[in-house]
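Dear colleague,

Please find below the structure that I am handing over to you. My notes on its aromatic residues follow.

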Amino acid sequence: QVQLVESGGGLVQAGGSLRLSCAASGGTFTNYAVAWFRQTPGKEREFVAAVDWGSTYYTDSVKGRFTISRDNAKNTVYLQMNSLKPEDTAVYYCAVALGVSTTPKGYGFWGQGTRVTVSS
């Protein structure tokens, strides 16, 4: 059983930056691909980025602005978010799976989420 805890969300002005962290415990972290999703009220959870054992993946709307990375020694995955836009406002969740998927159904373990608000 893997437990995930996100942190780093907050309120930021458009054009600013935030770094989200996803700390994992209770499993062998290196066995998993890790993804970030985001969700706004009334919408389905949306894939943002993922990292596996050598590659990174991004949805088009964040390419060039967001960077996902992992520190296996710390069992932590980061999402560096730069040039933030109001449309990036959402609750951000991290999740793990045995392989990368861009759909929420591909992930068995989720964190509780961290809220990101980007003001215009």
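**Aromatic residues**

F37, F47, Y93, Y107 and W110 belong to one aromatic cluster. Please bear in mind that the model is a predicted one. The count of aromatic pairs comes to 5. One of them joins F37 and F47, whose rings meet edge-to-face, with 5.7 Å from centre to centre and 80° between the planes. This pair links distant parts of the chain, as F37 belongs to strand β4 (residues 33–39) and F47 to strand β5 (residues 46–51), 10 residues apart.

As to accessibility, F37 has a relative accessible area of 0% and is buried. F47, at 9% relative accessibility, also counts as buried, because the limit for that class is under 20%.

F37 also pairs with Y107: the ring centres are 5.3 Å apart and the planes stand at 75°, so this pair too is edge-to-face. The angle decides the class here, because planes over 60 degrees apart count as edge-to-face. Since F37 is in strand β4 and Y107 in the loop between β9 (90–97) and β10 (109–110), the pair ties together parts that are 70 residues apart in sequence. Both residues, F37 and Y107, are buried.

**Charges over rings**

Two arginines should also be mentioned. R45 lies over the face of W110, at 4.8 Å from the ring centre; W110 is itself a member of the aromatic cluster described above. R70 lies over the face of F29, where the distance to the ring centre is 4.7 Å.

With kind regards

Terms used: Residues are numbered from 1 along each chain as its sequence is written. This is a predicted model: local features need pLDDT of at least 70, side-chain atom pairs count only at pLDDT 80 or more; totals for chains, interfaces and linings use all residues. Side-chain values use heavy atoms; hydrogens and water are left out. Rings of Phe, Tyr and Trp (its six-membered ring) pair if their centres lie within 6.5 Å; planes under 30 degrees apart count as stacked, over 60 as edge-to-face and the rest as tilted. Helices (H or I, at least four residues) and strands (E, at least two) are DSSP runs, numbered from the N terminus. Buried means under 20% relative accessible area, exposed over 50%, partly exposed in between (1.4 Å probe, protein chains only). A charge sits over a ring if NZ of Lys or CZ of Arg is within 6 Å of the ring centre and within 35 degrees of the ring normal.
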